[in-house]
Amino acid sequence: MKTGIGVTDKTIRLGVLSDLSGPFGPLGEAVVQGNQLYVDKLNAEGGICGRRIELDVQDTGFDSNKATQLYFKMEPSVLGLLQVVGSEITSRITPDMLQQQVMAAPTSWSSDLLGNPYMVVVGATYDLDVINSLDYLVQQGKLRQGDTIGHIYLNDPEYGGDALKGSQFVADKLGLTLKAIEVPGNKADFTAEIGQLKAAGAKAVAISTYPQQTAMAVGTAAAAGLNVPFLVSNPGFDPSVLSSPAGPAVQALVLVSSSVAPFGAKLPAAEDLAVAYKAKYPNGKPSMAVDYGYVVGIGYGAILKRACAEGDLTRAGVQKAFHELTGVDTGGLTAPLLFSSSNYPSSRQSFVLRPNPNTPGGLDIVDPLKESDLVRQRIG
């Protein structure tokens with residue numbers, strides 16, 4: 001067995017650069033919990049090549065400078081990264097990751113990550129999720145040619161900008177008018193933006209922002225009488241907003257698009273995960289991010305298992321195994337993940353979800369995993 005950095009006779013060490021105290025803190029914590037639950041399961045089954053998986057979890061606070069320092073401290077002692085939260089953080093460390101052959105699973109669905117042979121992007125990219133959810137409204141008869149749609153998006157090219165590509169694609173293909181509004185990450189008052197969308201006669205609004213901004217925008221829309229569907233990119237929803245003053249508006253107007261099943265899904269794999277979560281984190285706050293973290297574990301674990309079978313647990317051997325996987329079964333938590341080409345998303349299908357405060361994790365499935373014909377047109 002060939003081994004290298006981060007691998008001993010007894011352990012395989014993986015790094016986690018998460019946001020546990022910044023704007024995505026609840027999401028980051030839940031992803032870490034999902035990662036850990038899969039690692040626990042894997043270790044209980046004997047680990048990889050008889051080696052236990054260990055996680056080195058570090059909190060970046062969503063600060064790029066802090067994250068970069070933590071990465072350079074961590075890199076010489078880990079085989080790869082099971083999680084990196086933040087597109088700017090990922091961009092900052094990517095040059096060294098490429099040089100050192102560090103394979104990472106970013107908590108990001110930016111299409112800009114495609115083509116990087118060391119990025120394990122688990123699920124559909126932001127633009128494809130938006131396309132699938134807008135097409136759902138078309139199929140439901142809630143959007144038709146000539147209608148106006150809005151898109152409120154963060155001034156972050158890897159998140160907001162990538163999601164915007166999806167709404168622009170749908171508008172161009174279906175003859176819709178797109179009213180796009182860019183906002184900064186510290187935006188706290190959406191009165192003007194909602195006023196613009198109402199004046200434009202928007203029949204639906206995509207929104208790709210932080211969770212608290214989502215709640216503020218939707219609450220403002222309800223108060224202003226803009227009672228149209230708000231299609232939320234999956235990082236933009238946190239179940240805690242359902243107990244905020246905007247909760248009733250979020251429940252009434254929001255649909256969430258995600259390539260990962262929600263925590264409370266009536267699917268055997270999701271139900272099994274919920275049982276494990278409650279046992280390990282009895283005081284935890286369940287969310288869809290737990291399922292995502294677990295799915296990332298499934299994907300990364302499948303890569304390590306293949307590398308083990310090929311007798312090469314070096315960074316180069318793991319990267320080779322990554323691109324030999326043609327599909328990973330996640331038990332229906334996502335569509336089967338296709339890793340064989342880094343130029344294409346590992347999944348193209350999305351769930352459409354509706355907030356429900358009575359469901360653990362706060363989301364119900366209203367439309368199962370589907371790939372829009374428009375996604376096929378975009379991907380080719």
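**Exercise 1. Determine whether Y210 is buried or exposed in this predicted model, and characterise its pairing with F24.**

*Solution.* Step 1. Y210 has a relative accessible area of 17%, and is therefore buried, since the cut-off for that class is under 20%.

Step 2. F24 is likewise assigned by its relative accessible area, which is 8%, so F24 is buried.

Step 3. The structure holds 11 aromatic pairs. In the pair formed by F24 and Y210, the centres are 4.9 Å apart and the planes make an angle of 80 degrees, an edge-to-face arrangement.

Step 4. F24 belongs to the loop between strand 2 (11-18) and helix 1 (25-44), and Y210 to the loop between strand 8 (202-208) and helix 7 (211-224), so the pair ties together parts that are 186 residues apart in sequence.

**Exercise 2. Classify the aromatic pair of Y126 and Y159, and state which cluster of rings contains them.**

*Solution.* Step 1. The centres of the Y126 and Y159 rings are 5.0 Å apart, with 45 degrees between the planes; the pair is tilted.

Step 2. Y126 lies in helix 4 (residues 126-139), whereas Y159 is in the loop between strand 6 (148-154) and helix 5 (160-174), so the pair ties together parts that are 33 residues apart in sequence.

Step 3. Y126 is buried, at a relative accessible area of 5%, and Y159 is buried at 4% relative accessibility.

Step 4. Ring pairs join Y126 and Y159 with W109 and Y292 in a cluster.

**Exercise 3. Describe the largest cavity and the second largest cavity by volume and lining.**

*Solution.* Step 1. There are 3 cavities of 30 Å³ or more.

Step 2. The largest cavity contains about 150 Å³ of space. It is lined by 15 residues, of which F24, F62, G86, T107 and Y126 are the closest to its centre. Its lining comprises 10 nonpolar, 4 polar and 1 charged residues.

Step 3. The second largest cavity contains about 70 Å³. Its lining residues include L113, M119, F322 and Y344; the lining divides into 8 nonpolar, 3 polar and no charged residues.

**Exercise 4. Locate F62 and Q101, and describe their backbone phi and exposure.**

*Solution.* Step 1. Most residues other than glycine have a negative phi.

Step 2. F62 is not a glycine, yet has a positive phi of about 65 degrees. F62 occupies the loop between strand 3 (52-59) and helix 2 (64-74) and is partly exposed, at 24% relative accessibility.

Step 3. Q101, also not a glycine, has a positive phi of about 60 degrees. Q101 is found in the loop between helix 3 (87-100) and strand 5 (104-107), and its 31% relative accessibility makes it partly exposed.

Notes. Residues numbered from 1 in each chain as written. Predicted model: local features only at pLDDT ≥ 70, side-chain atom pairs only at ≥ 80, totals over all residues. Heavy atoms only, no water. Helix = DSSP H or I, 4+ residues; strand = E, 2+ residues; numbered from the N terminus. Buried < 20%, exposed > 50% of the residue type's maximum accessible area, 1.4 Å probe, protein only. 1 Å grid on protein atoms, 1.4 Å probe; cavity = no way out; pocket = protein on both sides within 12 Å on 5 of 7 lines; lining within 4 Å. Points joined across faces, edges and corners; volume = space filled by probe spheres on them. Nonpolar A, V, L, I, M, F, W, Y, C, P; charged D, E, K, R; others polar. Phe/Tyr/Trp six-rings, centres within 6.5 Å; stacked < 30°, edge-to-face > 60°.
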